[in-house]
Amino acid sequence: MTGPGAVITARKRGVLVEKRVAINWLMDFYGPLLTENRAKLLRLYCEEDLSLSELAEEAGITRQGVHDALTRAQAQLEEYERKLGLVARYRRLEDAVHKC
């Protein structure tokens with residue numbers, strides 16, 4: 001596909017990739033604080049790139065149930081980061097080390 005539609009699609013993919021990378025950072029730091037089920041669903045969604053339907057089948061719940069669990073898990077991780085700031089602190093330290 002070429003033209004304006006291709007650019008928009010590529011941008012959307014780029015945003016999705018960035019979002020998944022950010023979620024993976026949060027999972028690395030705060031994943032153990034999630035329930036086992038939420039952590040598993042989020043890991044499969046981000047790392048294995050499973051669809052909502054595939055996750056629903058794996059977990060034995062509806063697609064809406066998967067969507068709700070993923071949304072809550074992401075919100076929980078973002079709240080931990082907002083309160084604790086461990087990922088931001090780590091990335092600042094990593095940047096400082098690379099500048100030395």
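**Figure 1. The largest nonpolar core of this predicted model has 18 residues.** In this predicted model, the core members that touch the most other members are M27, L34, L42, L55, L70 and L77. Helices α1, α2, α3 (52–59) and α4 each supply at least two residues of this core. As background, nonpolar side chains in soluble globular proteins tend to be buried together.

**Figure 2. A close-up of L55, a residue of helix α3.** Is L55 buried or exposed? Its relative accessible area is 0%, so L55 is buried, a word used here for values under 20%. Leaving out residues up to four places away in sequence, L55 touches L41, L44, Y45, L50, V66 and L70. One of these partners, V66, comes eleven residues from L55 along the chain, and the two C-alpha atoms are separated by 6.8 Å. You can also look for G65, which is ten residues from L55 in sequence and 9.8 Å from it in space, C-alpha to C-alpha. G65 belongs to helix α4 (residues 63–84) and is partly exposed, with a relative accessible area of 24%.

**Figure 3. L34 and its contacts.** Which residues does L34 touch, once those up to four places away in sequence are set aside? They are M27, A39, L42, A73, Q76 and L77. Three of these names, M27, L42 and L77, will be familiar from the core, where they are listed with L34 among the members that touch the most others.

**Figure 4. Q74 and Q76, two residues of helix α4.** Start with Q74, which is buried, with a relative accessible area of 14%. Beyond its neighbours within four places in sequence, Q74 is in contact with K19, I23 and L42. Now turn to Q76, which is partly exposed at a relative accessible area of 22%. Why do these two residues get different labels? The limit for "buried" is under 20%, so the 14% of Q74 falls below the limit and the 22% of Q76 does not. Setting aside its own neighbours within four places, Q76 is in contact with L33, L34 and R38. For a longer view, find E18: Q76 and E18 are 58 residues apart in sequence and 18 Å apart in space, C-alpha to C-alpha.

**Figure 5. Helix α2 and the loop that follows.** Helix α2 (residues 36–47) has twelve residues. From its first C-alpha to its last, the helix reaches 16 Å, close to the 16 Å expected at 1.5 Å a residue. Which residues of α2 are buried? They are A39, L41, L42, L44 and C46. While you trace the helix, it helps to recall that an α-helix has 3.6 residues a turn, so residues three or four places apart point the same way. Just after α2 comes D49, found in the loop between α2 and α3. Its phi is near 60°, a positive value in a residue other than glycine. For comparison, most residues other than glycine have a negative phi.

**Figure 6. Aromatic rings, and a charge over a ring.** How many aromatic pairs are there? The count comes to five. In one of them, W25 and Y90 form a tilted pair, 5.7 Å centre to centre with 50° between the planes. W25 lies in helix α1 (residues 4–30) and Y90 in helix α5 (residues 86–99), so this pair ties together parts that are 65 residues apart in sequence. W25 counts as partly exposed at 21% relative accessibility, and Y90 is partly exposed too, with a relative accessible area of 37%. Ring pairs link W25, F29, Y30, Y80 and Y90 into a cluster. Elsewhere in this view, R20 lies over the face of Y45, at 4.3 Å from the ring centre.

**Figure 7. E94 in helix α5, and the confidence of the model.** E94 lies in helix α5 and is partly exposed, with a relative accessible area of 27%. Its C-alpha atom is separated by 34 Å from that of L52, and the two residues are 42 apart along the chain. How confident is the prediction, and what is the mean pLDDT of the protein chain? The mean is 91, and 92% of the residues reach 70 or more. Confidence is lowest in α1, at a mean of 81, and highest in α4, at 97. A useful habit for any such model is this: where pLDDT is low, the predicted coordinates should not be read in detail.

Note on methods. Residues numbered from 1 in each chain as written. Predicted model: local features only at pLDDT ≥ 70, side-chain atom pairs only at ≥ 80, totals over all residues. Heavy atoms only, no water. Helix = DSSP H or I, 4+ residues; strand = E, 2+ residues; numbered from the N terminus. Buried < 20%, exposed > 50% of the residue type's maximum accessible area, 1.4 Å probe, protein only. Phe/Tyr/Trp six-rings, centres within 6.5 Å; stacked < 30°, edge-to-face > 60°. Lys NZ or Arg CZ within 6 Å of the ring centre and 35° of its normal. Expected span 1.5 Å × (residues − 1). Core = buried A, V, L, I, M, F, W, Y, C linked by side-chain atoms within 4.5 Å. Contact = heavy atoms within 4.5 Å. pLDDT = per-residue confidence, 0-100.
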